[in-house]
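Q: Could you walk me through one part of this structure in close-up, starting from a single residue and working outward? I would like the surroundings to join up into one picture.

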Amino acid sequence: MSVTPAILWRNARVVPCTSIATAATVQADAIVTDGARIEWVGREAMLPAALRERCRSVHDLGDRLVTPGLIDCHTHLVFAGDRAAEFAERQRGVSYEEIARRGGGILSTVHATRAAGTEILLDAARPRLDALLREGVTAIEIKSGYGLTLEAEARMLEVARELGRRHGVFVRTTYLAAHAVPPEFSGRSAEYVRVLARDWLPELARRGLVDAVDIYCDRGAFSAADAVVLFEVSRELGLPIKMHAGQFADVGGVEVATRFTALSCDHLEELGAGDATRMAAAGTVAVLLPVAYYTLGQTKPPPVALLRREGVPIAVATDCNPGTSPCASLLLAMNMACRLFALTPEEALAGVTHHAAQALGLALGRGSLAPGAVADFVIWDLAAPHELSYWTGINRCHAVVRGGAMQ
Ligand code: NIG
Ligand code: FE
């Protein structure tokens, strides 16, 4: 029997987020942590005497709301420069896809990112990461995709890992060399896909830099056939896959992604017939990115009612990137998911906790407050969980507990 001193966190309004239903209401008033893990969650009146005896310290949380640490499951947080001038251009009526065709868009960030050294990339990402952490984010996915050479992609992934170490946040890295065709491969996109899949991916996996593999599968980007090439290598390497799909057009990506049991398909404003059923069957999470939708002034939201009806788990993320989502607020993304995509506040909260964890393949250890989970939780100056999606422009995060320690 374990005799480690435990900590009792009492007088709390605990929202466990083990499901959408438990993201809607306060279910408990106490948590016991043992080291970096949660040992017990419940009504303090029911706390077993032996466990209470093991609690060497007690924190009174002043009747505040407690949720799991938030998880931002889709970001392009590491990049150099910005694309504010393109924002101004779009305000004058030029479209995102038109700017990309002219060699701007993703490729302009690729030029800036290639030119930046590690410290510059770290410095550029820090304020964005800090903003997310101040809002209670304790785990984050960070993609590569602005390097587009073996070494520049490696540098992005290393920077992402280093951010995790320096900021004490749990980072998952995703390889997204299939984000745009770099100038060196201009007009040779199939060859580029073979190189990034067969040469670079095994090497980056060997260096231990890749937790998942992603591809931007859309009109003007990569095809479903390209995704097959990449996913076959990913499967051989035992790496989970994800996909940017249906942001502008359905090009058959979701069908391929679900065949490879993707962890998630992200964006989904354009979803093909039968794709929601395929996602439900494969257990693929729909990651909705309302800030990108808002920034691009899109008008056709993802088919949320269909996803809900089919039982597809829905997550919400910032998509923090310099082009379509210059945003470092997961709370704002939750609000937008409610207002623009008609999510309920409890769906939005499950979308940044339990389902976000599932989108990263972490379902059991993070994103919910239950025995055995990592003791990452947020203490809010709020009374009810729906207030997290209700407010904008104000951060009611009172404190964050990471790995059982108050920050
Ligand atoms: O998720 N759609 C592709 N990738 C990003 C945009 C990246 C960029 O414009 O730099 C997205 O929206
Ligand atoms: Fe993205």
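**A close look at Asp29 and the sheet beside it**

A: Happy to! Asp29 is buried, because its relative accessible area is 19% and the limit for that label is under 20%. Please keep in mind that this is a predicted model. Asp29 belongs to the loop that runs between β1 (6–14) and β2 (30–34). Once neighbours within four places in sequence are set aside, Asp29 is in contact with Trp9, Arg10, Asn11, Ala12 and Val14, and also with Gly42, Arg43 and Glu44.

From this loop, let us step into β2. Five of the five residues of β2 are buried, so the strand is largely enclosed by the rest of the structure. In a regular strand, side chains alternate between the two faces of the sheet. In β2, Ala30, Val32 and Asp34 point one way, while Ile31 and Thr33 point the other way. All of these residues are buried, whichever way they point.

What does β2 pair with? On the β1 side, the two strands are antiparallel and share three bridges. Leu8 has Val32 of β2 as its bridge partner. β2 also pairs with β3, again in the antiparallel sense, over five bridges. Here Asp34 stands opposite Arg37 in β3. β2 and β3 form a hairpin with two residues between them. Gly35 sits in that turn and has a positive phi of about 65 degrees.

Now for the wider sheet. It is an open sheet of seven strands in the order β3-β2-β1-β4-β13-β14-β15, and its pairing is mixed. Its edge strands, each pairing on one side only, are β3 (37–42) and β15 (405–406). Further along the order, β4 (residues 55–68) meets β13 (residues 377–380) in an antiparallel pairing of four bridges. One pair of partners there is Pro68 and Phe377, the latter in β13.

β4 also holds a residue worth a pause: Asp63. Most residues other than glycine have a negative phi. Asp63, however, has a positive phi, near 65 degrees. Asp63 counts as partly exposed, at 41% relative accessibility. Ala342 likewise has a positive phi near 65 degrees. That residue lies in the loop between α13 (330–341) and α14 (345–351). With a relative accessible area of 53%, Ala342 is exposed, because the label applies over 50%.

Leading on from β14, which is in the sheet order above, we can look at the loop before it. Ile394 is placed in the loop between α16 (387–390) and β14 (397–402). Its relative accessible area is 40%, which makes Ile394 partly exposed. Together with Tyr390 and Trp391, Ile394 forms a nonpolar patch on the surface. The three residues have about 330 Å² of accessible area together.

Another set of paired strands makes a useful companion to this sheet. Of the nine residues in β7 (residues 170–178), seven are buried, so β7 is largely enclosed by the rest of the structure. β7 pairs in the parallel sense with β6 (residues 137–143) over five bridges. In that pairing, Ile142 has Thr173 of β7 as its bridge partner. β7 also runs parallel to β8 (residues 212–217), joined by three bridges. There, Tyr175 is the bridge partner of Val213 in β8.

Finally, which protein residues hold the iron ion (ligand 2) as donors? They are His74, His76 and His244, each through NE2, and Asp319 through OD. These donors lie 2.1 to 2.4 Å from the iron ion. Along the sequence, the donor residues follow the spacing H-x1-H-x167-H-x74-D. His74 lies in the loop between β5 (70–72) and α2 (84–91), and His244 in strand β9 (residues 242–245), so this pair ties together parts that are 170 residues apart in sequence. Both His74 and His244 are buried.

To bring it back to the starting point: Asp29 is a buried residue in the loop between β1 and β2, and β2 itself is largely enclosed, with five of its five residues buried.

Technical notes:
Residues are numbered from 1 along each chain as its sequence is written. Chains are lettered from A and ligands numbered from 1 in the order in which they are written. This is a predicted model: local features need pLDDT of at least 70, side-chain atom pairs count only at pLDDT 80 or more; totals for chains, interfaces and linings use all residues. Side-chain values use heavy atoms; hydrogens and water are left out. Patches are made of residues with over 30% relative accessible area and no salt bridge: like charges are joined within 9 Å, nonpolar side chains (Val, Leu, Ile, Met, Phe, Trp, Tyr) within 5 Å. Accessible areas come from the Shrake-Rupley method with a 1.4 Å probe; for residues, only the protein chains shown count as cover. A salt bridge is a side-chain nitrogen of Lys or Arg within 4 Å of a carboxyl oxygen of Asp or Glu. Buried means under 20% relative accessible area, exposed over 50%, partly exposed in between (1.4 Å probe, protein chains only). Donors are N, O and S atoms within 2.8 Å of the metal (3.2 Å for Na, K and Ca); water is not among the atoms, so sites may look incomplete. Contact means heavy atoms within 4.5 Å. Two strands pair if DSSP finds at least two bridges between them.
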